[in-house]
Amino acid sequence: MNLLFAIVFTVSTFLLLCTSPEQFLSALLDGAGKSASLCVSLVATYAVWMGLIQVWQDSGITKAVSKLVKPIAKKLFKTTDDEALEAISMNLSVNLLGISGAATPYGIKAAQRLDKTENAEYASAMLFVLNATSLQLLPTSIVAVRVALKSGSPTDIILPTIFATLLSTVLGVLLTKLFIKPAVTQKKTIKSGRDFILKNVKIEGVGTR
Amino acid sequence: MNYILSLLIPMIFLFSFLFALSRKVKVYDSFTEGVKGAIPLVLSIFPYIATVAMLSKLFEVSGLESKITSFISPFFRFTGIPEEIASLVLIKPLSGSGSIAVLTQILERYGVDSYAARCACVAYGTADTIFYIGAVYFAGIKRKKLTAAFVISILSYLAAVIFSCFLCRIM
């Protein structure tokens with residue numbers, strides 16, 4: 001991100017310097033202003049959805065849903081951290097429904113939690129890819145735009161959209177599995193006294209080139 | 001169909017609240033507790049959103065965006081992506097509000113049910129605002145592999161866009 005930022009920023013600035021330098025500051029201010037109004041609308045969105053999320057939490061819906069999705073999340077993310085898995089499960093299920101307002105708080109929570117776990121590199125990358133390639137069952141906002149513009153068949157894009165978003169997600173997951181290998185964790189049983197202690201031994205460098 | 005879709009969100013709220021009530025949850029206390037987190041969350045992501053927004057505005061105003069668009073549109077034609085949607089394909093990973101604006105423009109200019117417009121709609125749904133995900137979800141998190149994840153996301157997105165245009169031709 002640092003490199004990309006530096007390149008795009010300097011090249012754009014250089015171009016502006018040659019063509020219309022007076023637009024430089026106004027472009028920055030305009031961008032910042034847009035982000036300020038975006039943040040105001042985000043406060044509204046998050047207020048609505050985080051309220052609901054807390055109700056889900058307190059009534060046990062979060063637990064029930066994440067129990068269903070957790071096994072898949074565990075396989076996909078190769079992590080055993082319960083709190084992270086719960087946030088991931090909710091992030092994925094809410095994303096499927098197309099409620100990105102509710103998915104973001106869970107996603108942020110998952111990212112922060114994953115950063116503290118052992119397998120952070122791989123799991124964070126997986127979280128990034130899954131959210132970036134957003135698997136969505138119903139493209140509600142697009143259908144709404146098409147209805148507003150009086151399309152003859154506003155819903156005929158639903159099926160191709162599902163196929164296309166499925167492709168981007170599956171491809172993303174496969175590429176992540178292929179190129180960003182998880183740190184291999186092996187479970188070794190060590191006998192000590194009467195107890196068997198499960199100890200996770202992390203082997204670094206296995207599977208990396 | 002659209003009517004059924006519009007029922008989805010109110011139903012989710014209704015059932016969640018009814019279920020919470022049946023579990024004797026104090027819904028008002030619980031809801032306000034959740035809302036409390038909204039402002040700190042937005043404050044924590046603001047610097048990243050602001051910077052990406054400034055950058056994408058600069059990218060657009062400087063003409064770099066249109067230069068890149070005209071540079072790569074022959075490649076797009078080669079892969080079956082109509083030139084009309086090239087600007088959408090470029091802006092979609094950068095800006096959510098920007099891409100909705102460009103999408104609406106395309107739909108209005110070429111007709112909602114035209115081939116280009118349908119491609120635009122399907123391509124729009126293939127991925128999320130990738131830069132925004134990076135900036136917001138991973139605000140302040142420094143992990144080496146996130147760059148690789150970013151490249152993978154962009155590649156999967158482009159592949160899916162090509163696939164979308166192919167699907168629109170046959171479906």
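In the predicted model, the packing of α7(B) against α9(B) brings B:Y115, B:R118, B:C119, B:V122 and B:A123 of the former helix into contact with B:V161, B:S164, B:C165, B:L167 and B:C168 of the latter. Sorted by class, the residues of this contact comprise eight nonpolar, one polar and one charged. The axes of α7(B) and α9(B) lie 9 Å apart and enclose an angle of about 135°. Because angles over 145 degrees would count as roughly antiparallel and those of 65 to 115 as roughly perpendicular, this value makes α7(B) oblique to α9(B). The crossing of the two helices is right-handed.

These helices belong to a chain whose secondary structure consists of nine helices and zero strands, so that the order of elements from the N terminus reads α-α-α-α-α-α-α-α-α. For the 171 residues of chain B the globule rule gives 16 Å, whereas the radius of gyration is 20 Å, well over that value, and chain B is therefore more spread out than a compact globule. Along the principal axes, the C-alpha atoms of chain B fill a box of roughly 60 × 40 × 30 Å. Of the residues of chain B, 49% count as buried, and among the contacts in this chain with a separation of 6 or more, 63% are accounted for by residues 24 or more positions apart.

Chain B also meets chain A, in a contact that takes 84 residues from chain A and 76 residues from chain B. On the side of chain B that touches chain A, at least two residues each are supplied by α1 (2–22), α2 (27–35), α3 (38–61), α6 (96–110), α7 (115–125), α8 (130–137) and α9 (145–170). The largest share of that side, 16 residues, comes from α9(B), a helix that also packs with α7(B). By class, the residues with which chain B touches chain A divide into 50 nonpolar, 16 polar and ten charged.

Two lysines, one in each chain, deserve mention for their backbone geometry. A:K150, although not a glycine, has a positive phi of about 60°; this residue is placed in the loop between α7 (140–148) and α8 (158–179) of chain A. With 9 other C-beta atoms within 10 Å, A:K150 is exposed. In chain B, a positive phi of about 60° is found at B:K24, which is likewise not a glycine and which lies in the loop between α1 and α2. B:K24 has 8 other C-beta atoms within 10 Å and is exposed.

Technical notes. Residues are numbered from 1 along each chain as its sequence is written. Chains are lettered from A and ligands numbered from 1 in the order in which they are written. This is a predicted model: local features need pLDDT of at least 70, side-chain atom pairs count only at pLDDT 80 or more; totals for chains, interfaces and linings use all residues. Two residues are in contact if their C-beta atoms, placed from the backbone, lie within 7 Å. Helices (H or I, at least four residues) and strands (E, at least two) are DSSP runs, numbered from the N terminus. Ala, Val, Leu, Ile, Met, Phe, Trp, Tyr, Cys and Pro count as nonpolar, Asp, Glu, Lys and Arg as charged, and the others, Gly among them, as polar. The radius of gyration is taken over C-alpha atoms; the globule rule is 2.2 Å times the number of residues to the power 0.38. A residue is buried if 20 or more other C-beta atoms lie within 10 Å of its own, exposed if 12 or fewer, and partly exposed in between; C-beta atoms are placed from the backbone. Axes are lines fitted to C-alpha atoms, for helices over the stretch in contact, and angles run from 0 to 180 degrees between N-to-C directions. Angles under 35 degrees count as roughly parallel, over 145 as roughly antiparallel, 65 to 115 as roughly perpendicular and the rest as oblique. A crossing is left-handed if the near helix is turned anticlockwise from the far one by less than a right angle, and right-handed if clockwise.
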